[in-house]
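This report introduces a helix pair and an internal cavity. Please look over the sequence and the structure before reading on.

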Amino acid sequence: MHTFFPLILAMIAVIVLLNMWAARLRIAYPILLVIGGLLISFIPGLPVVRINPDLIFFIFLPPLLFEASWSISFKEMKKWWRIIGSFAFLVVFFTALSVALAANYFIPGFTIALGFLLGGIVSPPDAVSTGAITKFVKIPKSTSAILEGESLLNDASSLIIFRFALVTVGTGQFIWHEATLSFLWMVVGGAGIGLVLAWLFVQAHKRLPTDAASDITLTLIEPYIMYWIAEQVHSSGVMAVVCGGLFMSARRLIFLNSTSRIRGYSVWESFVFILNGTVFFIIGLELPEIVEGLRSKGIPLRTAIGYGVLVTVVLVAARIVSSYAAMMATLIFRPNVAPRATSRRRQLLMPLLLGWTGMRGVVSLAAALSIPVAFDNGMAFPYRNLILFITFVVILLTLVVQGLTLPYFIEKSGSFRAFINEEKEKSARQKMKQDLKQHTYQFLKHKYDNELKGHAGMDLIMKHWEDKTKAADDSWMSDKTKAVFYELLESQRQFLTELNKDPAVNEEFIRQQLYQIDLEEERLRVI
């Protein structure tokens with residue numbers, strides 16, 4: 001313990017340093033993390049890290065999926081649900097099938113079941129990696145919503161494939177009708193359990209006398225509870241966390257106060273950042289043992305690298321083919337929602353760029369690490385080290401090759417630029433702010449018209465919202481004036497919530513403005 005704990009502290013410090021270095025180089029930090037995980041494996045004398053495979057999913061997946069479901073725009077998900085659903089389920093299955101067939105054909109001794117196991121591991125693109133990479137370039141909000149929604153749901157679908165393949169490898173049989181019923185229960189049961197528990201958690205936050213510290217602590221344990229209970233009844237813990245997280249995210253203004261929301265955002269951002277980095281370093285620390293396991297099975301390192309490159313090529317090709325198929329289907333069946341580029345060349349390049357966004361990351365690593373070392377009867381799991389090694393090669397290649405080239409390709413092709421109207425976005429943001437100011441002014445005039453006349457505090461409130469100036473002295477802020485301000489801020493939240501129901505309004509603008517309102521409320525508390 002005394003040697004392992006300093007290693008953990010050093011690992012977190014290195015993760016932070018790599019993140020700062022990535023920001024300085026203007027590249028996505030997962031790229032440096034995966035390279036750092038690779039380099040750290042060559043340091044002699046490091047202790048061997050072994051984590052129970054059964055605990056990998058439970059430790060890492062629930063908070064990562066929960067945080068992702070809070071970050072995504074549910075309104076945009078509903079708008080693009082067809083293409084998100086096709087990428088999250090159909091494309092994942094097509095990708096897993098492609099990997100299974102290729103692995104079965106090219107890797108000696110690799111069965112179809114093992115191929116599907118590998119396909120389920122490497123098929124889901126990583127939301128964190130994609131988001132970290134695309135923040136350096138401008139992409140349309142529709143594309144961003146599709147990528148975020150896909151990455152949230154495809155984790156569930158790919159891990160369901162992974163689970164079925166794991167059972168098939170262990171039992172040697174696959175019964176279709178039982179698998180179909182089990183699949184339905186995993187999806188429907190998991191979603192139902194997540195929604196019921198999320199409703200109970202919302203009620204607990206609302207009715208219990210919680211403060212910011214207890215609210216944040218509860219949100220940290222809630223995804224684990226959702227995941228654990230769903231898994232106990234053999235449904236999908238991933239579906240439970242995703243659906244429960246989306247339910248709670250849509251109601252965050254109801255059961256969390258401004259202090260809990262502001263502090264919780266910082267806590268969760270740091271927590272998820274450490275989890276992401278830790279997974280990459282764990283695989284790096286296990287890499288020497290994985291390579292030794294390959295050699296003991298008579299698999300040369302060069303051959304294993306070749307298999308990893310092969311699987312990566314299959315993944316990229318399958319995603320690009322799926323992107324073009326989705327574009328053709330949209331043009332045929334839903335031409336009114338199909339994006340229109342300024343030229344045929346740009347329209348043809350769009351699916352290629354969308355297919356190039358499939359970077360793999362933490363979910364794939366966690367799934368690979370969760371493969372048991374041996375079955376219940378003591379027999380070693382076949383090709384475990386090879387699957388782990390191929391997964392690491394896939395993540396390394398997709399992050400480094402696709403991650404470093406994607407911003408360049410987007411800028412040079414200009415395919416997405418045709419759909420980004422910066423002036424229109426700026427105008428929409430300004431209109432939202434102006435509408436909010438007008439609403440605020442009318443709210444004050446309507447409700448406090450009689451009290452405004454001759455009252456110094458009320459006059460300052462009106463002046464604040466007419467010309468956005470602040471008084472140099474806060475002594476005017478009486479309890480009565482504070483109460484008005486609190487009521488005013490709550491009215492602004494209600495106005496923005498109603499405004500967000502308009503499909504034409506960008507939810508990102510709404511969330512940014514709501515965050516500003518929370519900051520304003522926190523400022524009032526210390527006056």
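Which helices each supply at least two residues of the lining of the largest cavity? They are α5, α8 (141–171) and α14 (301–333), where helices are DSSP runs of H or I with at least four residues, numbered from the N terminus.

## Basis of the model

This is a predicted model, in which local features need pLDDT of at least 70 and side-chain atom pairs count only at pLDDT 80 or more, while totals for chains, interfaces and linings use all residues. Residues are numbered from 1 along each chain as its sequence is written, and side-chain values use heavy atoms, with hydrogens and water left out.

## The largest cavity

The largest cavity (on a 1 Å grid over the protein atoms alone, a set of points where a 1.4 Å probe fits but cannot get out) has a volume of about 50 Å³, taken as the space filled by probe spheres set on the points. Its lining, meaning residues with an atom within 4 Å of a point, includes Phe87, Thr95, Glu150, Asn154, Leu315 and Arg319. The largest share, 4 residues, comes from α5.

The lining divides into 5 nonpolar, 3 polar and 3 charged residues.

## Packing of α5 and α6

Helix α5 (residues 81–106) also packs with helix α6 (residues 112–122), at an angle of about 135° and with axes 7 Å apart. That angle makes α5 oblique to α6, a class left after under 35 degrees (roughly parallel), over 145 (roughly antiparallel) and 65 to 115 (roughly perpendicular).

Among the residues in contact (heavy atoms within 4.5 Å) are Phe93 and Leu97 in α5 and Ile112 and Phe116 in α6. The contact divides into 11 nonpolar, 4 polar and no charged residues.

Technical notes. Axes fitted to C-alpha atoms, helices over the stretch in contact; angles between N-to-C directions. Nonpolar A, V, L, I, M, F, W, Y, C, P; charged D, E, K, R; others polar. 1 Å grid on protein atoms, 1.4 Å probe; cavity = no way out; pocket = protein on both sides within 12 Å on 5 of 7 lines; lining within 4 Å.
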